[in-house]
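Visitor: I should like a close look at a single part of this structure. Please describe that part in detail and then set it in the context of the whole.

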Amino acid sequence: MSPENETATSASNMNISSPGDSPYSEARFANGQNKIFDEILRKRHFFRSAAGDTAAPIIVTDTEQKIIFWNAGAEALCGYSEDEALGRHFHLVLPEEKREEVSRRVAEKLQKGIAS
């Protein structure tokens with residue numbers, strides 16, 4: 001997914017209601033939202049620039065174990081392109097005999113609030 005598409009998608013998904021009724025408070029709230037959104041984009045860009053082209057495979061999943069980040073190292077190791085991997089379940093990269101064990105361990109860590 002290109003950074004431009006991510007920005008458009010992220011911006012459209014920000015559905016935060018504005019506090020207060022005055023135009024001043026709405027403008028201040030919108031300015032605060034813009035600052036937060038800009039900071040998120042800055043951190044995402046930093047992460048992508050640091051992790052995107054490294055030879056080390058980096059795979060990031062959401063809490064449902066769907067792949068949300070896949071770098072060139074992961075592509076080289078697993079043989080799937082970023083487009084093929086994004087949105088797919090993490091099982092895509094696991095040998096069949098390890099899937100149940102890894103899913104159990106991930107579920108335990110998520111339940112405890114520990115990510116690894």
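Guide: A salt bridge is taken here as a side-chain nitrogen of Lys or Arg within 4 Å of a carboxyl oxygen of Asp or Glu. The structure is a predicted model, in which local features need pLDDT of at least 70 and side-chain atom pairs count only at pLDDT 80 or more, while totals for chains, interfaces and linings use all residues. Residues are numbered from 1 along each chain as its sequence is written, and side-chain values use heavy atoms, with hydrogens and water left out.

The part chosen is helix H5, which covers residues 99-112. Helices (H or I, at least four residues) and strands (E, at least two) are DSSP runs, numbered from the N terminus. H5 has 14 residues, and from its first C-alpha to its last it reaches 20 Å. This is close to the 20 Å expected at 1.5 Å a residue, the expected span being 1.5 Å times one less than the number of residues. Just after H5, Gly113 adopts a positive phi of about 85 degrees.

The structure holds four salt bridges, and those described here include a pair between Glu101 and Lys98, whose closest N and O atoms are 3.9 Å apart. Glu101 also pairs with Arg105, with the closest N and O atoms at 3.7 Å. Arg105 and Glu101 are separated by about one helical turn because they stand four residues apart in helix H5. An α-helix has 3.6 residues a turn, so residues three or four places apart point the same way. A further salt bridge links Glu108 to Arg104, with 3.1 Å between the closest N and O atoms; both residues lie in H5, again four residues apart, or about one turn of the helix. Through shared partners, salt bridges join Lys98, Glu101 and Arg105 into one network.

How open are these side chains? Buried means under 20% relative accessible area, exposed over 50%, and partly exposed in between (1.4 Å probe, protein chains only). Glu101 is partly exposed because its relative accessibility is 32%, and Lys98 is likewise partly exposed, at 39%. Arg105 falls in the partly exposed class at 43%. For the other pair, Glu108 is partly exposed at 36% and Arg104 is partly exposed at 45%.

H5 also has a neighbour from elsewhere in the sequence. The C-alpha atoms of Ala107 and Thr63 are separated by 8.8 Å, although their positions lie 44 residues apart along the chain. Thr63 belongs to the loop between strand S1 (59-61) and strand S2 (67-70), and it counts as exposed because its relative accessibility is 59%.

In the chain as a whole there are five helices and two strands, running α-α-β-β-α-α-α from the N terminus. Buried residues make up 16% of its 116 residues. Where a contact means heavy atoms within 4.5 Å, 23% of the contacts between residues at least 6 apart in sequence join residues at least 24 apart.

Confidence is expressed as pLDDT, the predictor's confidence in each residue, from 0 to 100. The chain averages 74, and 66% of the residues score at least 70. Among the elements, helix H1 (residues 3-13) has the lowest mean pLDDT, 45, and helix H4 (residues 82-85) the highest, 92. Over residues 1-18 pLDDT stays under 50. Where pLDDT is low, the predicted coordinates should not be read in detail.
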